[in-house]
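Here are a few exercises to work through with the model open in your viewer. Try each one yourself before you read the solution.

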Amino acid sequence: MLTDVPGVRVGHWTDTAAATGCTVVLFPAGTVASGEIRGGAPGTREWALLEPARTVQRIDAAVLTGGSAFGLAACDGVMRWCEERGVGLPTMAGPVPIVVGAVLFDLAVGDGSVRPGAAEGYAACEAAVAGAFPAGPGGAGAGATVAKWRGPGAARPAGLGTATERGPDGLVVAALIACNAWGDVRDPAQPRPELPSWPAPLLADTTIGVVATNARLDKAACLLVAQSGHDGLARALAPVHATVDGDALVVAATGDVELPAAPGPVAVETVRILAAAAVEAATRLAAGGP
């Protein structure tokens, strides 16, 4: 699970009756991050600062949340929680927490008038643990469904999935995925997915997640790892990255393990291979597939 990476903590807030929630990932000091979005309908906060060319190098927290764009308000509570503890980018006016967020659309599943907000984001921080945490239909995955491309009435419940891959010299790469995909679990033996049923475009989708590693990576390398994470989504889901999805992955590197100075790109490619595998496994678990 994601907390197999030392220093990473995960907490949830869930409203079971309303079928919505949020999940917060808290990172140790010195964590570097980047990320990538694919699909036509993203909902994110502070995503531009993840680009390698941007000045800020750190990340303090990532928020995965239901509630569509309304759910981005959960980030405000995470900001307050971090600020109270002196966590953030040092400025002359005090620390400014670096919190990125991504949403999925679950408003049509339970009670769409209930959305995670600042209080719920704060509560998820309070619940964060460094060890085992619940996955399945909770947190950001509380109202998640998959297989909506098959048409109305075909969707089935999904949720959160998490998986870990390990490499040489203590390298750990782990993923946490909230799967609310338009597509369904992909059968590797099937040469191509079935064609969508018409009319199938239901605007209630998006798979979001966090990949964490203890490797020392810069932002450019984190972006490469995020791209490989999307390869993992494509191995697990079909169709994927649809015009009605806003699939978003954050990759965060805590920097505890120095990668070997191998000739060429061997070291970062090792992390990318592990990230793709971890995302695929976590996504299949989240979507209820093999």
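**Exercise 1.** Which residues does Thr-20 touch, not counting residues up to four places away in sequence?

*Solution.* Keep in mind that this is a predicted model. Start by finding Thr-20 in strand S2. Then list its neighbours: Thr-20 touches Trp-13, Thr-14, Asp-15, Gly-66, Gly-67, Asp-106, Val-114, Pro-116, Gly-139, Ala-142 and Gly-143. Next, look for a polar partner: the side chain of Thr-20 makes a polar contact with the side chain of Asp-106 at 2.8 Å. Last, check the exposure: the relative accessible area of Thr-20 is 1%, so it counts as buried.

**Exercise 2.** Work out what the side chain of Asp-247 does, given that Asp-247 is buried.

*Solution.* Asp-247 sits in strand S14, which covers residues 247-257. Look for a charged partner: Asp-247 has no salt bridge, and the nearest side chain of opposite charge, Arg-38, is 8.3 Å away. A salt bridge would need the nitrogen and oxygen within 4 Å. Now turn to the backbone. A polar atom of the Asp-247 side chain lies 2.9 Å from the backbone nitrogen of Thr-207, and this side chain also reaches the backbone nitrogen of His-241 at 3.1 Å. Both Thr-207 and His-241 are on the contact list of Asp-247, which also includes Glu-36, Ile-37 and His-230.

**Exercise 3.** Which parts of the structure do the buried residues of helix H1 pack against?

*Solution.* First pick out the buried residues of H1 (residues 74-84): Ala-74, Cys-75, Gly-77, Val-78, Met-79, Trp-81 and Cys-82. Then follow their contacts, which go to strands S1, S2, S4, S5 and S6 and to helix H2. Step just past the end of H1 and you'll meet Gly-86, with a positive phi of about 70°.

**Exercise 4.** At roughly what angle do the axes of helices H3 and H4 cross?

*Solution.* Take H3 as residues 219-236 and H4 as residues 266-286; their axes come within 7 Å and cross at roughly 35°. For handedness, H3 passes H4 in a right-handed crossing. The contact includes Ala-221, Leu-224, Ser-228 and Gly-232 from H3, and Val-268, Arg-272, Ala-275 and Val-279 from H4.

**Exercise 5.** Look through the salt bridges: how many does the structure hold?

*Solution.* The count is 14. Let's go through some of them.

- Arg-166 pairs with Asp-4, their closest N and O atoms being 3.9 Å apart. Arg-166 is in strand S9 and Asp-4 in the segment before S1, so this pair ties together parts 162 residues apart in sequence. Arg-166 counts as exposed at 54% relative accessibility, while Asp-4 is partly exposed at 28%.
- Arg-45 and Asp-76 meet at 2.8 Å, N to O. Their bridge links strand S4 to helix H1, with the two positions 31 residues apart in sequence numbering. Asp-76 is partly exposed, at 40% relative accessibility.
- Asp-205 and Lys-148 form a salt bridge at 3.7 Å. Each sits in a loop: Asp-205 between strands S11 and S12, Lys-148 between strands S7 and S8. Asp-205 and Lys-148 are both buried.
- Arg-80, Glu-84, Arg-85 and Glu-126 are linked in a network.

Key
Residues numbered from 1 in each chain as written. Predicted model: local features only at pLDDT ≥ 70, side-chain atom pairs only at ≥ 80, totals over all residues. Heavy atoms only, no water. Helix = DSSP H or I, 4+ residues; strand = E, 2+ residues; numbered from the N terminus. Buried < 20%, exposed > 50% of the residue type's maximum accessible area, 1.4 Å probe, protein only. Lys, Arg positive; Asp, Glu negative; His and termini not counted. Polar contact = N/O pair within 3.5 Å; in protein donor to acceptor, adjacent residues only side chain to side chain. Contact = heavy atoms within 4.5 Å. Axes fitted to C-alpha atoms, helices over the stretch in contact; angles between N-to-C directions. Left-handed = near helix turned anticlockwise from the far one by under 90°.
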